[in-house]
Number of protein chains: 2
Amino acid sequence: MPFNKIILPEKDIPRQWYNLAADLPGPIQPPLGPDGQALKPEMLAKVFPMNIIDQEVSIRRWIDIPEEVLEMLALWRPAPLRRALALEEYLKTPARIYYKDESVSPAGSHKPNTAVAQAWYNKKFGIKKLTTETGAGQWGSAIAFACNLIGLECKVYMVRISFDQKPMRKTMMQVWGAKCVASPSHDTAAGREVLRKMPHTPGSLGIAISEAVEDAVSDKSGNSRYSLGSVLNHVLLHQTIIGLEAKKQLKIAGEKTPDVVIGCVGGGSNFAGVSFPFICDKIHGKKIEIIPVEPTACPTLTRGPFTYDFGDTAGLTPLLAMYTLGHDFVPEPIHAGGLRYHGMAPLVSQAAAKGLINPRSYDQIKCYESAMIWGKTEGTICAPETSHAIACAIDEAKKAKKESRK
Amino acid sequence: MPFNKIILPEKDIPRQWYNLAADLPGPIQPPLGPDGQALKPEMLAKVFPMNIIDQEVSIRRWIDIPEEVLEMLALWRPAPLRRALALEEYLKTPARIYYKDESVSPAGSHKPNTAVAQAWYNKKFGIKKLTTETGAGQWGSAIAFACNLIGLECKVYMVRISFDQKPMRKTMMQVWGAKCVASPSHDTAAGREVLRKMPHTPGSLGIAISEAVEDAVSDKSGNSRYSLGSVLNHVLLHQTIIGLEAKKQLKIAGEKTPDVVIGCVGGGSNFAGVSFPFICDKIHGKKIEIIPVEPTACPTLTRGPFTYDFGDTAGLTPLLAMYTLGHDFVPEPIHAGGLRYHGMAPLVSQAAAKGLINPRSYDQIKCYESAMIWGKTEGTICAPETSHAIACAIDEAKKAKKESRK
């Protein structure tokens, strides 16, 4: 009988996050304010609590995971590392293919890893309410879940078209006690302004961000803050538990350093989660190929320049040093909605600029064909985003076969 | 940090199914043919392969799980046993609440446990194609998944209203290579007859069963058979791996015999899976309260008589000895569609008739309130069916608190 699940005992869950900023060669390029000067941390104080801003700018290598955050993570973590034996057999490859299964979280994605941490830090800072935006609903449901656990009020601005098309995610947020409204809404000046001009707009992530930020910063009590699900340093930091667990599990499986590490990449948090602990090994001399996979429809790392650009469409955020297709770039409506982001997390961008990672882009049809192979071999039906990583893993496994690598 | 997941190592997966028919006191009441005489096994040979019919009538206590079936089950099994620590804390109960998490299967329910076994036995018997019916799609997707793994053609008749309302389940079946058609269809005489009389009917499970059985038995090649997802003895047998794993996991957790075992019950396979190995202990002297929970809207075990009735609406199946509300009973359209069955598995019915289990019924609102408590404490949003078991578990935990039991 095959053994395909490598389970990390709960007592061995990682107790620190890994901060790539400590190890990246050269200085980190800071965010810039509207005046073109480096942003001072306290300038973000109305948007994020100071303890999260401290984490955002920290260059300490290891950051302790608070015990109460660990308790919440332990509802579903450690997540299984699985070996894709059926896919290996189908491909007749000598490669050993492992994958980290983040689908076991209550909201169904990797997003709750940072959601519970962000909710905890906000609560600790005395915040009563978090606001955020969501597209298809993965991030909105994750933050709703976390706010429910920790006892925070939660308001989610969900892009109108998704709000109408994906009632299930909306229901999940409501079960977890969050208020979820279609964006643009009448609840903010930004929303009302858009509705006045375009009463029938399907909405956009850019508009929803504006509404969520306005909601947080305009709260007279000062007890509201905004929460973001990707891109920023502290979000990526919280996701590194994925790769840290994977390293321990590979050791249990009797494996040494992997030859290749692959993750799909949109804003950067999923890819950073699995890869940053391996980038650390690479910086310290290990030979590992690390591949972020993006859609050809949104080829940020493979086609964009590395420059300063806004994080949002409307140009309200600070300027971030990143690979970008331009903040007004609108990708084709591919199914992998989570990978349709014009920019890239600054830490991922800097790793790419330093040649530490080797980005690739795949087109949707090839990804879907790979997802079908996966569904017919490994049994599970993956998300469109995930299919990008699978397509690349299949290519790498075929290459290993051609080269007769072991 | 709390430890809430009890993981059974893959090497300790149960290697035999438990057959309650071997231990039930008194003779098993056999199915009857249209003539009122006990059905001879070979009379079912056009519907099921003989190796499955042998299992259906077997009274051996332990039946080996074929190695290749174990290999398929190991794609997701052993399933975790989890302790509901957050719910316990919320209820401030001295009770220790454990639950078996069958959501980890690729199709998302317990149904694949029997689907892979049935597909394997059919393949071994030389069958090329399986037909079945499905309502909301859990069973249809499970059998499509299994047929894909084992290499069988698969045709699923999906009740029209669900086919239109639940496109996701239909897509899952298609990914796994099954043909899924709305029922009533033009593919069978039964379907055409219904469509002629009622061209706009939303369909029913009864009609879909008729179509699936006709499709299998009318195949001139003799290489098609029909597959059922609950009620019959062999289906319940395959599900006992759930309870057998749970027993091993409770031992790992340092627990002795549980005081109470609870499962929601519709046709009977989920409840049988978790409870039959504990009913075995009860028959052999252990003190355990075993509670099947059904909806008040379909109170088969709590209100129905124990008698002979047809398994389907149209009266095409053999007569089964079971608790039943009458084969023409149409339950209210409650959300727990999987519990809307007029009858009850004969083995579960006989266990109830002998006083080995203590059925209860719960109404939908109470179940939904319990599901909300569960979602807010344990984090996961459960199925409407599952919420019936949760409602009962909460009641039992409150009782334990009142009685200050440990």
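**Entry 1: A:Lys100**

I began with A:Lys100, which is buried, with a relative accessible area of 15%. I kept in mind that this is a predicted model. I count A:Lys100 as buried because its 15% falls under the 20% cut-off.

Next I looked up where A:Lys100 sits, and found the residue in strand 5 (residues 98-100) of chain A. What does its side chain reach at 2.7 Å? I found the backbone oxygen of A:Ala79 there.

I then listed the contacts of A:Lys100, leaving out residues up to four places away in sequence. Its neighbours are A:Arg77, A:Ala79, A:Pro80, A:Leu81, A:Ile242, A:Glu245, A:Ala246 and A:Gln249.

**Entry 2: salt bridges**

I noted 42 salt bridges over all chains. One of them joins the side chains of A:Glu245 and A:Lys100, at 2.7 Å from N to O. This pair ties together parts that are 145 residues apart in sequence, because A:Glu245 lies in helix 11 (residues 241-252) of chain A and A:Lys100 in strand 5. Are these two partners buried or exposed? I have both A:Glu245 and A:Lys100 down as buried.

For a second pair I turned to A:Asp164 and A:Arg160, whose closest N and O atoms are 3.2 Å apart in a salt bridge. Both residues lie in helix 6 (residues 160-165) of chain A, 4 residues apart, or about one turn of the helix. A:Asp164 is partly exposed at 48% relative accessible area, and A:Arg160 is also partly exposed, at 32%.

Over in chain B, I found B:Asp395 and B:Lys366 meeting in a salt bridge of 3.3 Å, N to O. This pair links distant parts of the chain, 29 residues apart: B:Asp395 belongs to helix 16 (residues 384-402) and B:Lys366 to helix 15 (residues 364-377). I wrote down 24% relative accessible area for B:Asp395, which makes it partly exposed. B:Lys366 counts as partly exposed too, at 31%.

Which residues do salt bridges with shared partners join into one network? My notes give A:Arg77, A:Lys100, A:Glu102 and A:Glu245, which brings me back to the lysine of my opening entry.

**Entry 3: A:Val261**

I moved on to A:Val261, placed in strand 10 (residues 260-264) of chain A. This valine is buried, with a relative accessible area of 7%. I checked one C-alpha pair: A:Val261 and A:Ile291 are 30 residues apart along the chain, and their C-alpha atoms are separated by 6.2 Å. A:Ile291 is also among the residues that A:Val261 touches, along with A:Val274, A:Ser275, A:Phe278, A:Ile288, A:Glu289 and A:Ile290, not counting residues up to four places away in sequence.

**Entry 4: helix 14 and the cores**

How many of the 8 residues in helix 14 (residues 346-353) of chain A are buried? I get 7, so I call the helix mostly covered. The buried ones run through A:Pro346, A:Leu347, A:Val348, A:Ser349, A:Gln350, A:Ala351 and A:Ala352. They pack against helix 10 (233-239), helix 12 (269-283), helix 13 (300-303), strand 12 (306-310) and strand 13 (319-323) of chain A. Just after the helix, I saw A:Gly355 with a positive phi of about 75 degrees.

I followed A:Val348 further: leaving out residues up to four places away in sequence, it touches A:Leu236, A:Gly268, A:Phe271, A:Ala272, A:Phe276, A:Leu301 and A:Ile357. In the largest nonpolar core, with 93 residues, A:Trp17, A:Val69, A:Phe276 and A:Val348 touch the most other members. Helix 5 (residues 138-150) of chain A gives this core its largest share, 8 residues. I closed with a second, separate core of 87 residues, which includes B:Leu39, B:Phe48, B:Val159 and B:Ala208.

How values were computed:
Residues numbered from 1 in each chain as written. Chains lettered and ligands numbered in written order. Predicted model: local features only at pLDDT ≥ 70, side-chain atom pairs only at ≥ 80, totals over all residues. Heavy atoms only, no water. Buried < 20%, exposed > 50% of the residue type's maximum accessible area, 1.4 Å probe, protein only. Helix = DSSP H or I, 4+ residues; strand = E, 2+ residues; numbered from the N terminus. Contact = heavy atoms within 4.5 Å. Core = buried A, V, L, I, M, F, W, Y, C linked by side-chain atoms within 4.5 Å. Polar contact = N/O pair within 3.5 Å; in protein donor to acceptor, adjacent residues only side chain to side chain. Salt bridge = Lys/Arg side-chain N within 4 Å of Asp/Glu carboxyl O.
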